[in-house]
Amino acid sequence: MLGPGFRCDSISSAFAAAAFFVNQSTGRALCVTLDFVSLYEQMLAVAIEEARIGLGEGGIPIGAALFTRSGELLSRGRNRRVQEGDPSVHGETDAFRRAGRQRSYRNLVMVTTLAPCWYCSGLVRQFRIGTLVVGESRNFAGGLDWLRENGVDVIDLDNRECRDLLAGYIAQYPEVWNEDIGEE
Ligand SMILES: [Zn+2]
């Protein structure tokens with residue numbers, strides 16, 4: 001019933017309309033109803049669109065967006081390291097800045113095609129963004145466990161399109177990718 005691509009450890013029959021996203025390091029499970037999974041997938045589609053625009057511009061294909069919990073889009077962004085020669089513009093920081101001032105981030109959802117790096121994980125933590133939806137964490141695990149341990153609801157959709165899009169870029173431009181994640 002979940003379809004391919006979900007990293008879901010178990011579905012209890014008592015909660016047939018829910019998926020569990022388990023923190024591998026703490027064993028703590030986050031229960032998400034399938035209605036929300038569907039909503040998160042729609043949010044992820046916006047981030048994927050941004051990643052593809054970035055790729056078309058010759059940039060690193062990582063996109064992000066900021067939504068309210070009910071699904072209202074506040075902003076969208078993408079990695080612009082190559083396009084603008086600015087290493088501080090990651091997908092998450094781009095979306096964050098474009099959302100302008102918000103009184104609270106507790107009820108907002110940051111969605112990004114890839115698990116956030118330490119820099120962007122710090123942003124999520126600093127502003128107490130309540131929910132983080134990531135397209136994948138296989139190409140880069142980022143700070144997901146740290147965010148979970150600090151109370152952020154993390155949903156890893158393990159989306160194949162996100163995985164393939166970035167893996168293809170890394171294979172083609174490994175030096176730009178290493179530059180982006182601070183590897184020498
Ligand atoms: Zn980042």
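**Helix α1 and the five-stranded sheet**

In this predicted model, helix α1, spanning residues 34-56, lies across five strands: β3 (63-68), β4, β5 (108-112), β6 and β7. Relative to β3, the helix runs at about 145°. The sheet underneath this description is an open one, with its five strands in the order β4-β3-β5-β6-β7 and with mixed pairing. Its edges are β4 (73-78) and β7 (153-156), each of which pairs on one side only. Going from one strand to the next, the twist averages 15°. At the β7 end, β6 (residues 131-134) and β7 run parallel and are joined by four bridges; Val133 has Ile155 of β7 as its bridge partner.

Stepping back to the whole chain, the protein has seven helices and seven strands. Read from the N terminus, they come as β-β-α-β-β-α-α-β-α-β-α-β-α-α. The C-alpha atoms fill a box of roughly 50 × 40 × 25 Å along the principal axes. The radius of gyration is 16 Å, and a compact globule of 184 residues would come in near 16 Å, so the two agree. As for contacts between residues at least 6 apart in sequence, 51% join residues that are at least 24 apart.

Now for the inside. Buried residues make up 37% of the 184 in the protein. The largest nonpolar core holds 39 residues, and the ones touching the most other members are Met43, Leu44, Ala65, Met110, Val111, Leu132 and Val133. Helix α1 supplies the largest share of this core, with seven residues. Ala65 gives a handy view of the packing: leaving aside residues up to four places away in sequence, its contacts include Met43, Val46, Ala47 and Glu50, along with Leu73, Ser75, Arg76, Ala95 and Val111.

Two loop residues stand out for their backbone angles. Arg128, in the loop between α4 (118-126) and β6, has a positive phi of about 55° despite not being a glycine. Arg128 counts as partly exposed because it has 13 C-beta neighbours inside 10 Å, where 12 or fewer would make a residue exposed. Asp158 sits in the loop between β7 and α6 (160-172). The phi of Asp158 is also positive, near 45°, again in a residue other than glycine. With 18 other C-beta atoms within 10 Å, Asp158 is partly exposed too; a buried residue would need 20 or more.

Conventions
Residues numbered from 1 in each chain as written. Predicted model: local features only at pLDDT ≥ 70, side-chain atom pairs only at ≥ 80, totals over all residues. Rg over C-alpha atoms; globule rule 2.2 N^0.38 Å. Contact = placed C-beta atoms within 7 Å. Pairing = 2+ DSSP bridges. Axes fitted to C-alpha atoms, helices over the stretch in contact; angles between N-to-C directions. Core = buried A, V, L, I, M, F, W, Y, C linked by C-beta atoms within 7 Å.
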